[in-house]
Amino acid sequence: MRDIRLDEGAAALLQRLHAAGYQAFVVGGCVRDSLLGLCPQDWDLCTSALPGQIMELFGAENCIPTGLQHGTVTIKQGGRLYETTTFRTEGSYTDGRHPDRVQFVPKVEEDLARRDLTINAIAYNRQRGLVDPFGGQEDLAHRIIRAVGDPATRFEEDALRILRLYRFGARFGFAIEEKTDAAAKALCSRLDCVSVERIQEELAKLLVAPQPGGYLVPEVMAAILPELSGQALAKAAPVVDACPSGKAALPVRLAALLESLGEEGVRRTLRRLRCSNACVEQTAVLVRENREFARWGTLAAPEQKLWLRKLLGRQDLETVEGLAALCAAKEPENQPRYRQLLQTARAVEEAGLCCRIAQLAVNGRDLMAAGIPAGPALRSTLERLLEQVIREQLPNEKEPLLAAAVQSAAT
Ligand code: ATP
Ligand code: MG
């Protein structure tokens, strides 16, 4: 296992807290990630200093009172932010976000005991080295996720931990310890106490993990996504795994997971989960268009070209990329075909080829000026011109397009 290489700002803060006579450690995700050889995103600290004492030591102008009643002060240091929390124990989290009451305590071990998972309950400083009372290092080495203490008690205190359990499992590809897993499954009806925003956030983090399929536990999914049947989940899980991972792929993975609900069902479900409008729209479009997209392979070559241009007329390249990823995940045997389709789409975009009426060298006003009456006929004339341009029967130039429009209106 790797050493902890403290980030400069965190080292400076620990140093100042120690010099002032307080205990202080880096803790949680940054220690876990360091031990895994990953680069920590942010460095969180815990300390025996009370919030008021932290603010006094660093000066109010360098502190953000993030959650004073829960003991959290964010300290600005060297252009970065460090969440610093007083050692504490806590009661239950009615809102799934903050404990109802906290009690400040003098020892780091007591603070570690309130944390969710053994791999998240390790603290470090240079004086004491790693403080790891729950065997977090051993679980990291064996690639196991385990609750701190009695899992049932911990999930009863805060059901959000059930989702965090599978989320961290998926993120690192770790096994879930048996008793922890059993308690999580037995208690997942408690997830109804957790706010929908928190559920959405955890589900999103779970879904963008490298291979989340095995962590989409039916009991848990039924609690947070009652819309989705167990059968549909079983079918979707391997497709989710086959989609690209990472934050940007969230709509593709949501579409893979929820496709059985249909476009309207997907919208309703994602709105219920308070997903962003952009996420709802992107996912819904993928669900709506992917069947049509899969039809491409069955078309003859000239039709394929028209079809692709019309698709690019309706959707941007990013959506087309998402569609290709989703279809390739659903039909692994057709992956080369979707790769080729995507290449063609990128080439069309790059060449700036005409894909939609707005890109024609004539518009409705030009046609009306040439004597074609406004109304549905105008629209269908423009559509016919677009098709002829895509089929290269007409150049995308004003004069020939106008002439063709006038002639077709006359016949
Ligand atoms: P990430 O890299 O995803 O931020 P993290 O471990 O820093 O991982 P956070 O959600 O930022 O996770 O939480 C910071 C720490 O606080 C965790 O490592 C864990 O020790 C503790 N923690 C967070 N949420 C809970 C919870 N619901 N119950 C108990 N402990 C928690
Ligand atoms: Mg964090």
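Me: What makes the pairing of a nitrogen atom of ligand 1 with the side chain of R161 a polar contact?
Reply: In this predicted model, the ligand nitrogen lies 2.7 Å from an N or O atom in the R161 side chain. A polar contact is a pair of N or O atoms within 3.5 Å, so this pair qualifies.

Me: Why does the pair formed by an oxygen atom of ligand 1 and the backbone of G29 count as a polar contact?
Reply: The distance to a polar backbone atom of G29 is 3.4 Å. The cut-off is 3.5 Å, so the G29 pair is counted. For R171, an oxygen atom of ligand 1 is 2.9 Å from a side-chain N or O atom, so that pair is counted too. The protein buries 79% of the 590 Å² that ligand 1 exposes when taken alone.

Me: How do you know which helix gives the most to the shell around ligand 1?
Reply: By the number of residues supplied: α7 gives five. Both α7 (160–172) and α2 (29–35) supply at least two. Among the 14 residues around the ligand, R32, D158, R161, R164 and R171 come nearest.

Me: What makes up the shell around ligand 1, by class?
Reply: Nine residues are charged, three polar and two nonpolar. Arg and Asp count as charged, so the five nearest residues all belong to that class.

Me: Why is V26 said to touch W43?
Reply: Contact means heavy atoms within 4.5 Å, and W43 is listed among the residues V26 touches, so the pair meets that limit. Others touched by V26 include L6, L14 and I122. V26 is also among the residues with the most contacts inside the largest nonpolar core, which has 106 residues. Another core, of 18 residues, lies apart from it and includes C354 and L402.

Note on methods
Residues numbered from 1 in each chain as written. Chains lettered and ligands numbered in written order. Predicted model: local features only at pLDDT ≥ 70, side-chain atom pairs only at ≥ 80, totals over all residues. Heavy atoms only, no water. Near = heavy atom within 4 Å. Polar contact = N/O pair within 3.5 Å; in protein donor to acceptor, adjacent residues only side chain to side chain. Areas by Shrake-Rupley, 256 points an atom, 1.4 Å probe, with all protein chains shown as cover. Helix = DSSP H or I, 4+ residues; strand = E, 2+ residues; numbered from the N terminus. Core = buried A, V, L, I, M, F, W, Y, C linked by side-chain atoms within 4.5 Å. Buried < 20%, exposed > 50% of the residue type's maximum accessible area, 1.4 Å probe, protein only. Lists of a residue's contacts leave out its neighbours within four places in sequence.
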